[in-house]
Amino acid sequence: MRLNPHLVAMPGDYLFAEVARRVQAYAPSAPRPIIRLGIGDVTQPLAPAITQAMVEAAQEMGTPEGFHGYPPDQGYPFLQQAIIDADYAPLGVRLELDEVFVTDGAKTDTSALPELLAADARIGVTDPVYPAYIDANAMAGRLGRHEGGAWSALTILPCRAENDFVPELPAQPVDMLYLCYPNNPTGTVLTREQLTRFVRYAQDTGTLILFDAAYKAYITDPAIPRSIYEIEGADQVAVECCSFSKSAGFTGTRCAYTIIPKALKARIDGQSVSLNALWRRRVACRQNGVSYPIQRAAAAALSPQGQRQVAAQVQTYMDNAHHMVATLQGAGLQVFGGVHAPYVWLRIPGQRSSWEFFDHLLHQAQVVGTPGSGFGQAGEGYLRLTAFNTAANTREALERVLAVL
Ligand code: PLP
C-alpha cells in the first residue's frame with residue numbers, strides 16, 4: 001500500500017482539534033463552567049418554518065406518492081429557484097437554475113473546487129485564513145513543503161491592522177485565489193471598490209477567484225457586496241460558495257450551495273472549457289446530493305416567513321457581536337470585525353502570543369477563544385471571539401475577560 005505522502009506529512013492537528021484538546025484537559029479542574037466563544041458553531045435552535053418543512057418532507061417520504069430516491073445531482077429545482085429568487089434576484093444578479101449546485105456544506109465545496117484545476121495549480125490565500133482551504137490543497141500536494149510554519153508553494157496575502165485587513169494583489173501569479181468576505185476569522189469586509197480591484201486583477205491575469213460568502217447574512221450595510229456577482233464581470237472569473245450553516249442554523253443539518261456561472265470559462269489545448277460543465281461532470285461522479293427533507297428545510301429558510309425568522313436569529317448574534325466590540329473598545333482594546341460578521345478579532349494587549357493569551361483566558365477566565373496564529377502567521381498576536389453564544393453567556397464572558405486583563 002502506498003499512502004498519500006502529502007496527507008502523511010500534514011503538520012499538527014486541525015486548529016479546532018487542538019483547541020478542544022486543551023479545553024478538555026483543563027475542564028475537570030475548572031472552578032466554574034467554561035464559556036465557549038471559540039469554534040464558529042451556531043447555538044440557537046432551528047426556526048419553526050424550517051423544522052415544519054423538514055417534518056412535512058419526512059412524512060411525505062413515508063408515503064408511496066411522496067417518496068424520493070436519489071436527488072438530482074445539482075439539487076432539486078425548487079431549492080435552486082428559491083436560492084436565485086431570495087439570494088440573488090434582490091441584488092440584481094441573474095442566474096439560471098443549472099448555475100446553482102446544492103451541496104452538503106461550504107467546507108465540502110471550498111475544499112473540493114480546486115479539483116477543477118491542474119494537480120500543480122498555484123493557490124493564493126489571505127492570511128489569516130479559514131484553515132480548510134489550506135489543508136485541502138496541502139493534502140492534494142499543491143502547497144510544497146511545510147517549513148518554519150509556512151508552505152513553500154502557497155501565495156499568502158497578509159491582512160493585519162496595518163493594512164486595514166485589505167489584502168494586496170498577489171505578487172506572483174496564482175491559478176486560484178480564495179477570498180472570504182465577510183471574513184472568517186477577522187470579521188472584516190471588503191468594500192465594492194476593493195472587491196472590484198480583485199475582479200479586475202482576475203480578469204487581467206486569468207485567475208479563478210473562489211469567493212466564500214458563508215457569512216453574507218451578517219452584512220448590515222447594502223453598500224457592502226453580499227455576492228461577488230454584484231461586481232460587473234465577476235461571472236467570468238469567480239465561483240461563489242454559500243451556506244445555510246450560519247445564516248439559518250444548519251451547521252448540524254448540512255446544506256449549502258455553490259454558484260458556477262456558465263460565463264466562466266478557461267482554455268486548455270486551444271479549447272475553451274466551461275467550468276460549470278466541468279464541475280457538473282465532477283459532481284455527477286462524486287456525490288449523490290443532499291436529502292429531500294433537508295433541501296425542503298433549506299427552501300423553507302428562504303421563504304418570506306423563514307427569512308424573517310432566521311433574520312431575527314442573525315440579529316441576536318449580531319447584538320452579541322456589537323456588545324463585544326463596544327465592551328472591548330470601551331476597555332481601551334483594539335478590536336476589528338463584529339460589525340458585518342459574527343466574529344470579533346481582538347488584538348492581544350501586551351506581548352503575549354496568541355496561544356499564551358488563549359491559555360491565559362482559559363485558565364483565568366474560563367473563557368475559550370481561538371488563537372489567531374492558528375489561522376496563519378499574520379494572525380499571531382490576535383484572538384478570535386465568536387458571537388454565537390447566548391446573550392447572557394456573552395455578557396458574562398466579557399466581564400470575565402475584562403477582569404483578568
Ligand atoms: N467557510 C467558512 C469561511 C467558514 O467559516 C465555515 C465554517 O465555519 C465554512 C465555510 C463551512 O461551512 P459549512 O458548514 O457549510 O460546511
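How many Å separate the centres of domain 1 and domain 2, taken over C-alpha atoms?

## Two domains

Measuring tape aside, this is a predicted model, and in it the C-alpha centres of domain 1 and domain 2 are 25 Å apart. At the contact, domain 1 puts in 31 residues and domain 2 puts in 43 residues.

As for the split itself, domain 1 is built from two stretches of chain, 5–45 and 311–404. Domain 2 covers 51–304.

## Where the domains meet

Putting domain 1 and domain 2 together buries about 2,900 Å². Carbon and sulfur atoms give 63% of that area.

On the polar side, 11 residue pairs are in polar contact between domain 1 and domain 2, counting pairs with both residues at pLDDT 80 or more. From domain 1, the elements that each supply at least two residues to the side touching domain 2 are helices α1 (5–8) and α11 (304–330), plus strands β13 (335–337), β14 (343–347) and β17 (382–386). Sort the residues on that side of domain 1 by type and you get 19 nonpolar, nine polar and three charged.

The count of salt bridges between domain 1 and domain 2 is one. A salt bridge also joins the side chains of Arg-347 and Glu-162, with N to O at 2.8 Å. By the domain bounds, Arg-347 sits within 311–404 of domain 1 and Glu-162 within 51–304 of domain 2, so this pair is the one salt bridge counted between the two domains.

## Around the ligand

Which residues are closest to the ligand? Of the 14 residues that surround the ligand, the closest are Asp-212, Tyr-215, Ser-243, Ser-245 and Lys-246.

Tyr-215 reaches in with its side chain, where an N or O atom is 2.6 Å from an oxygen atom of the ligand. Ala-106 and Lys-107 use their backbones instead. A backbone N or O atom of Ala-106 lies 2.7 Å from a ligand oxygen, and for Lys-107 the corresponding backbone distance is 2.9 Å.

## A long-range salt bridge

Across the structure there are 14 salt bridges. One of them pairs Asp-87 with Lys-216, whose closest N and O atoms are 3.3 Å apart.

Why does this pair tie together parts that are 129 residues apart in sequence? Because Asp-87 belongs to helix α4 (residues 77–88), while Lys-216 is in the loop between β8 (208–212) and β9 (238–243).

Definitions and conventions: Residues numbered from 1 in each chain as written. Predicted model: local features only at pLDDT ≥ 70, side-chain atom pairs only at ≥ 80, totals over all residues. Heavy atoms only, no water. Domains from an automatic or database assignment. Contact = heavy atoms within 4.5 Å. Buried area = accessible area lost by both parts, 1.4 Å probe. Salt bridge = Lys/Arg side-chain N within 4 Å of Asp/Glu carboxyl O. Polar contact = N/O pair within 3.5 Å; in protein donor to acceptor, adjacent residues only side chain to side chain. Helix = DSSP H or I, 4+ residues; strand = E, 2+ residues; numbered from the N terminus. Nonpolar A, V, L, I, M, F, W, Y, C, P; charged D, E, K, R; others polar. Near = heavy atom within 4 Å.
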